[in-house]
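The following exercises are to be worked with the sequence and the three-dimensional structure at hand. Each task is followed by a solution in steps.

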Amino acid sequence: MFSYRHAFHAGNHADVLKHTTLLAILRHLKLKDTALTVFDTHAGAGLYRLDGDYANTTREASQGYLRLVEQISSIHPSPALQDYMDVVASFNSGGSHKVYPGSPFLIQHLLRDRDKLKLFELHPTDIKTLTAHIDQLDVGRQVAVLCEDGFEGIRKFLPPPTCRALVLCDPSYEIKSDYDRVTNMVTDALTRFATGIYAVWYPIIPRPEAHQLPRKLKTLCNKTGKPWLNATLTVKSSKFITDDAGDIIRPGLPASGIFVIHPPYTLKATLQDTLKQVAQVLSNHRSDGYTVETGGNR
Ligand code: SAM
């Protein structure tokens, strides 16, 4: 049932969009002292090798994080882009770029002692890898790894004890029903925990469900009076990734988006500055390389 492995895609342009946004939201949330709970409904394996067999099969990071590494000195990075580059680099030593932290490790890196992280993962191999990686951190009960369906499992934790929480929802969308499950999960979660921050990543691909997802989330927010932000990053109009010589390597994702409910008031400006620079580097100055749209009460 599960063929998707994030190890093939770690550090690609979609991760750059998702993880810069994730870090910017967390930095903002940490400005307040009150304890925070972060939920990662689709956690993946946690840590990835960029020099391993999986990554080398697709070389997607070379069109994402690794391209930023190469070109960062030619731009004056925004604080949020610099933060992302610094946090990822902190998982590597000696200036190497062999390890890429997935969302569980990026989140954990920013947690304070009083904060909690709950991770959901269902893949039989990735849950073992994730558990082993988290065990090595020796952080006790601060981080819980749950071998459960993230769409369902999150229900029992909402609302969280301090009523301050971020929910990252990052499915693989390998099953068509994932699109509806995202909308249903967010709809249900908002009835349990109306003030939470929800960040949903989605692919931009020629599939009706993928087009409808951000539209459905906008409608939900507009009906319930929730502020929202929708950011997209387009790297290629083609459905193919090419190598340096221009040869097609394999089909790749051309674009993706992240939809945030209750975005921090600073997020729009932060992402406008950051994605403009990311698009300059990753999409060769395409004028439509990124969008940041907001609505609702903000
Ligand atoms: N969030 C990760 C990151 O940014 O590093 C990447 C997650 S990857 C896109 C999606 C993961 O969700 C895969 O590892 C897949 O096995 C897992 N998955 C698929 N369906 C799931 C479900 N219903 N509940 C929990 N995990 C699921």
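**Exercise 1. Ligand contacts**

Task: Determine which part of Asp-149 a nitrogen atom of the ligand approaches, and then examine the polar contacts of the ligand with His-42 and Ser-103.

Solution. Step 1: A nitrogen atom of the ligand lies 3.2 Å from an N or O atom in the side chain of Asp-149. A polar contact is a pair of N or O atoms within 3.5 Å; within protein, one atom must be able to donate a hydrogen and the other to accept it, and residues adjacent in sequence count only if both atoms are side-chain atoms. The model is predicted: local features need pLDDT of at least 70 and side-chain atom pairs pLDDT 80 or more, while totals for chains, interfaces and linings use all residues. Residues are numbered from 1 along each chain as its sequence is written, and side-chain values use heavy atoms, without hydrogens and water.

Step 2: The backbone also takes part. A polar backbone atom of His-42 is 2.8 Å from a nitrogen atom of the ligand, and a polar backbone atom of Ser-103 is 2.8 Å from an oxygen atom of the ligand.

Step 3: The ligand taken alone exposes 600 Å², of which the protein buries 98% (Shrake-Rupley method, 1.4 Å probe; for residues, only the protein chains shown count as cover).

**Exercise 2. The shell around the ligand**

Task: State how many residues surround the ligand, and classify them.

Solution. Step 1: The shell holds 22 residues, where near means that a heavy atom of the residue lies within 4 Å of the molecule. His-19, His-42, Ser-103, Glu-121 and Asp-170 come nearest.

Step 2: By class, there are five nonpolar, 10 polar and seven charged residues. Ala, Val, Leu, Ile, Met, Phe, Trp, Tyr, Cys and Pro count as nonpolar, Asp, Glu, Lys and Arg as charged, and the others, Gly among them, as polar.

Step 3: Helix H1 (13-29) and helix H7 (150-153) each supply at least two residues of this shell. Helices (H or I, at least four residues) and strands (E, at least two) are DSSP runs numbered from the N terminus.

**Exercise 3. Burial in a helix**

Task: Decide whether helix H5 is mostly covered or mostly open.

Solution. Step 1: Buried means under 20% relative accessible area, exposed over 50%, and partly exposed in between (1.4 Å probe, protein chains only).

Step 2: In H5 (residues 103-110), seven of the eight residues are buried, and the helix is mostly covered. Among the buried residues are Ser-103, Phe-105 and Leu-110.

**Exercise 4. Backbone features in loops**

Task: Locate Arg-59 and Tyr-173, and establish whether each is buried, partly exposed or exposed.

Solution. Step 1: Arg-59 lies in the loop between helix H2 (53-58) and helix H3 (65-71). Its phi is near 50°, a positive value in a residue other than glycine. Arg-59 is partly exposed because its relative accessible area is 38%.

Step 2: Tyr-173 lies in the loop between E6 and H8, with a positive phi near 55°. Tyr-173 is buried because its relative accessible area is 5%.

Step 3: A cis peptide bond, with omega about 0°, joins Leu-158 and Pro-159. Pro-159 is placed in the loop between H7 and strand E6 (165-169).

**Exercise 5. A side-chain to backbone contact**

Task: Identify which backbone oxygen the side chain of Gln-142 reaches.

Solution. Step 1: Gln-142 belongs to the loop between helix H6 (124-137) and strand E5 (143-146). Gln-142 counts as buried because its relative accessibility is 13%.

Step 2: The side chain of Gln-142 reaches the backbone oxygen of Asp-115 at 3.1 Å.
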